[in-house]
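Biologist: Before we accept any label on this chain, I would like to go through the terms one at a time and hear what each of them rests on. Could you show it to me first?

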Amino acid sequence: MIPKCMSTQHPDNVNSPFFSSSNEIGGEDEIAEAYYVFSHLGCDEQMWDCEGKEVDNYVVKKLLTRYGEFFNQKKLGEDLRLTLRVPNPTVEKAEAKILLETLESIPRSFDVAKLFYGEDIAPVFEIILPMTGSARCIDRIYRYYSDFVIGKQNKSFKDDDITIAEWIGEFKPTKINAIPLFEDREGMLNAHEITRKYLSDKDIHQQRIFLARSDPAMNYGLIGAVLMNKLALYNFNLLSEDTGVDIYPIIGVGSAPFRGNLKPQNIENLTTEYPSVHTFTIQSSFKYDHPTSEVIKGIEKLKSIKTSRPHEVDPEKFLEIIDKYGQEFQKQILELAPPINSIAKHTPNRRKRKLHIGLFGYSRNIDGISLPRAISFTCALYSLGLPPEVLALNALDGDDFAFLDEYYLNFRNDLKDALQYLNLDSPFLPEPIKERLKSMDYVTNEEHKEITDQIIDLFRKDNVDAVPELILRAANLRKFVG
């Protein structure tokens, strides 16, 4: 069974869950969260971050001992999945060795589950590798585990001594699945070839792949992110047909339209937009900023929708729009960087961790200007009355819009969802975009506009003491932080 709903630890929520000991979820709260999303919300997978925080390698033991009655009914590793996201040593040098600690913990979790279930069940057998840029990056994960974590069990201390396995027991599972997460333009456009090369020397019949949605939007704009995802999904379908390997795509979507527009009320639109996506991420805002009954119904609906073929694409026109739209988006972001960075510092923290560093926040520096991570970035622009979805629309002409209406099915819906939070009086709104917005049909949320007016006024006066409370009030109206 390949999961359909992957709960994640992305901190885009306004409200804190009932089980959290503070406004910031962390530590033992995340153990309770994993149980809650499985037992109450109906998610069939929990992504567990092993980067940017103190890593809890005993999560399996804690889940099985604290919630034994539930996990006796729903087996971890069979009915439900716990999937680890690890640091990428190629990029995240400071946290590289956390990867090794995490891989070494997998056989120990297996032993715990065997004692609990009385049979061989691997509760953890998949690893997500962020910022995948080559087949070699994924292959190293796969081979380090099989050759070094598992391989060492057959070694003896001396020629006349016992093996490590005879000393402390067998190491299982013998293999793990490595899931590449593609986040930047080059990686996403070449994701199918990277995966093809990775699969070429392995006897693998099913492969999960992960496509980012937030970081591409932050780097290349809303439209660029959508088109890149659609192009990648189309290419993966061709790869599957060519190799005979079943490909199961995951897409990382948040609640803001800019970051995916996945909320309980918008499931049909999103699954229609990405019919070949098998697994959707259920981020914190989805889980905690809507009535629980709606969340449960939304997850049930996601799980009931069958995965199908991706939409056809026009690669040449896609790339043309991605490039010209992306250039204008980056130009406007550079001009907006000072207010974005100033306001982003006041984004409410909802997790006790550094955010996953991603492309922009770690390695990208445009003309000496760095920007915050995607959630804070999105929150800052909304708080200034400037939804990031509207940026760079001036780069497109009438033919481009007609093309988008055909290939980006929810383009107008996503814009309409965002435009209710637009403040036309915002001094940060680029003038050329105002012309584009005249033909758009939307209704302004006046309460949100009033709050952004106050935030803008405080920013102009260099008096930001009251900004955090106002940011939170505006986010509460939107039902997402960023």
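Modeller: Let us start with P173, which sits in the loop between α6 and β5, and keep in mind throughout that this is a predicted model.

Biologist: What makes the peptide bond from K172 to P173 cis?

Modeller: Its omega is near 0 degrees. As general background, most peptide bonds are trans.

Biologist: Why is Q332 called buried or exposed, whichever applies?

Modeller: Q332, a residue of helix α13 (residues 315-344), has a relative accessible area of 3%, and the cut-off for buried is under 20%, so Q332 is buried. Leaving aside neighbours within four places in sequence, Q332 is in contact with L391, A392, N394, P430 and I433.

Biologist: How do you know that the side chain of Q332 makes a polar contact with A392?

Modeller: A polar atom of the Q332 side chain lies 2.9 Å from the backbone nitrogen of A392, and the distance limit for such a pair is 3.5 Å. The side chain of D184 gives a similar case, reaching the backbone nitrogen of G187 at 2.8 Å.

Biologist: Where is D184 placed, and what makes it partly exposed?

Modeller: D184 is in the loop between β5 (177-182) and α7 (185-189). Its relative accessible area is 25%, and partly exposed covers the range between 20% and 50%, so D184 is partly exposed.

Biologist: Why is helix α15 (residues 374-383) described as largely enclosed by the rest of the structure?

Modeller: The description follows because 10 of the 10 residues of α15 are buried, among them F377, C379 and Y382. These buried residues pack against α9, α13, α17 (411-419), α19 (446-460) and α20 (467-478), and just after α15, G385 takes a positive phi of about 75 degrees.

Biologist: Which residues touch the most other members of the largest nonpolar core?

Modeller: That core has 141 residues, and F71, L76, I223, L262, F377 and L393 touch the most other members. Helix α9 (residues 214-243) gives the most to this core, with 15 residues. Not counting residues up to four places away in sequence, I223 touches I321, Y325, L393, L396, L404, Y408 and F411. Apart from this core lies another, of 8 residues, including I128, I179, F210 and I250.

Biologist: What makes F157 eligible for a nonpolar surface patch, when it counts as partly exposed?

Modeller: F157 has a relative accessible area of 45%, and membership of a patch asks for over 30%, so a partly exposed residue can qualify on that count. The patch, of about 440 Å², is made by F157, I162, W167 and I168, with F157 lying in the loop between α5 (135-149) and α6 (164-168).

Biologist: Why are M131 and D462 given their respective labels of accessibility?

Modeller: M131, in the loop between β4 (126-129) and α5, has 14% relative accessibility, so it counts as buried under the 20% cut-off. D462, in the loop between α19 and α20, has 69%, so it counts as exposed, the cut-off there being over 50%.

Biologist: What is the sign of phi in M131 and in D462?

Modeller: Phi is positive in M131, at about 55 degrees, although M131 is not a glycine, and phi of D462 is likewise positive, near 55 degrees, in a residue other than glycine. In general, most residues other than glycine have a negative phi.

How values were computed: Residues are numbered from 1 along each chain as its sequence is written. This is a predicted model: local features need pLDDT of at least 70, side-chain atom pairs count only at pLDDT 80 or more; totals for chains, interfaces and linings use all residues. Side-chain values use heavy atoms; hydrogens and water are left out. A nonpolar core is a set of buried Ala, Val, Leu, Ile, Met, Phe, Trp, Tyr and Cys residues joined through side-chain atoms within 4.5 Å. Buried means under 20% relative accessible area, exposed over 50%, partly exposed in between (1.4 Å probe, protein chains only). Helices (H or I, at least four residues) and strands (E, at least two) are DSSP runs, numbered from the N terminus. Contact means heavy atoms within 4.5 Å. A polar contact is a pair of N or O atoms within 3.5 Å; within protein, one must be able to donate a hydrogen and the other to accept it, and residues adjacent in sequence count only if both atoms are side-chain atoms. Patches are made of residues with over 30% relative accessible area and no salt bridge: like charges are joined within 9 Å, nonpolar side chains (Val, Leu, Ile, Met, Phe, Trp, Tyr) within 5 Å. Accessible areas come from the Shrake-Rupley method with a 1.4 Å probe; for residues, only the protein chains shown count as cover. A salt bridge is a side-chain nitrogen of Lys or Arg within 4 Å of a carboxyl oxygen of Asp or Glu.
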